[in-house]
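Visitor: I would like a close look at a single part of this structure: the places where the ligands sit. Could you walk me through them and what surrounds them?

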Amino acid sequence: MSIIKEKDLTLLEKTYIPQIIKGLALTWKQMFRPKFTRQYPEEKWAPPASFRGRPVLVQEDNGQERCVACSLCSRVCPALAIEVQAGETERDKERYPVKFEINMVRCIFCGFCEEVCPEEAIVMSDEYELVFSSQEEAIFGKDKLLVPKEKLQKRIEYLEEYR
Ligand code: SF4
Ligand code: SF4
């Protein structure tokens, strides 16, 4: 783009009136185009199944977690955000997580935990609204991590199709 020097401008151009009119015309035109903005938080965004929101644990219909406490997710997590403590159980599996915590301040939503889990017990949900007022509040235990399977169906089906 060539540089226009002030001395080369016409008298009208020196008043900047044509440029102001041009700018106003552009604004006026944009006012009648479809809007891309959203009135958040009143108007929520529903993410697609491919979206990686906060990681959650899948809760089976019997109320138990699907997780078998193998700790693979914890090992692969690049942010060292997951802590799993295994315990033995008499149920249909040998081990279950006595303690399962994710530090949501550390989590970078990479989805590695979901990718590596052999049981599809941890999945990335569609939740993106996370607010904490302290470091302690950001540590999510099983009470906050367990989500009923039917609420995660969209993501589970997506994983079955594309994984
Ligand atoms: S999404 Fe990534 S950073 Fe977050 S807990 Fe899973 S592996 Fe760790
Ligand atoms: S969530 Fe999956 S990878 Fe992590 S401990 Fe449980 S079964 Fe293993």
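Guide: Here is a walk through the two ligand sites, followed by a few backbone details from the loops.

First, some ground rules: this is a predicted model, in which local features need pLDDT of at least 70 and side-chain atom pairs count only at pLDDT 80 or more, while totals for chains, interfaces and linings use all residues. Residues are numbered from 1 along each chain as its sequence is written, chains are lettered from A and ligands numbered from 1 in the order in which they are written, and side-chain values use heavy atoms, with hydrogens and water left out.

Rolling a probe the size of a water molecule over the atoms shows where empty space is left. Here a cavity is a set of points, on a 1 Å grid over the protein atoms alone, where a 1.4 Å probe fits but cannot get out, and its lining residues have an atom within 4 Å of a point. Grid points are joined across faces, edges and corners, and a volume is the space filled by probe spheres set on the points. Searching the whole structure this way gives 2 cavities of 30 Å³ or more.

Let us start with ligand 2, whose space is the largest cavity (a molecule sits in a cavity if more than half of its atoms lie within 2 Å of its grid points). That cavity has a volume of about 90 Å³. Its lining counts 15 residues, and C67, C70, C73, F100 and C117 lie nearest the centre. Sorted by class, the lining holds 13 nonpolar, 1 polar and 1 charged residues, where Ala, Val, Leu, Ile, Met, Phe, Trp, Tyr, Cys and Pro count as nonpolar, Asp, Glu, Lys and Arg as charged, and the others, Gly among them, as polar. Around the ligand itself (a heavy atom within 4 Å) stand residues including V68, A69, S71, L72, P118 and I122. This shell has 10 nonpolar, 1 polar and no charged residues.

A69 deserves a pause. This residue lies in the loop between β1 and α3 (helices, H or I, of at least four residues and strands, E, of at least two are DSSP runs, numbered from the N terminus). A69 has a positive phi of about 55 degrees, although it is not a glycine. With a relative accessible area of 0%, A69 is buried; buried means under 20%, exposed over 50% and partly exposed in between, with a 1.4 Å probe and protein chains only.

Now for ligand 1, which takes the space of the second largest cavity, with a volume of about 80 Å³. Of the 14 lining residues, C77, C107, I108, C110 and C113 lie nearest the centre. The lining has 13 nonpolar, 1 polar and no charged residues. Among the residues surrounding ligand 1 are P78, I82, F109, G111, F112 and M124. C107 counts as buried because its relative accessible area is 14%, and C113 is buried at 8%. Despite the cysteines, a search of the whole structure finds 0 disulfides, a disulfide being a pair of cysteine sulfur atoms within 2.5 Å.

I108 also has a partner from elsewhere in the chain: A79, 29 residues apart, with 7.1 Å between the C-alpha atoms. A79 sits in the loop between α3 (72-76) and β2 (82-88) and is buried at 17%.

Lastly, E120, in the loop between α4 (112-116) and β4 (122-124), has a positive phi near 50 degrees.

Methods
1 Å grid on protein atoms, 1.4 Å probe; cavity = no way out; pocket = protein on both sides within 12 Å on 5 of 7 lines; lining within 4 Å.
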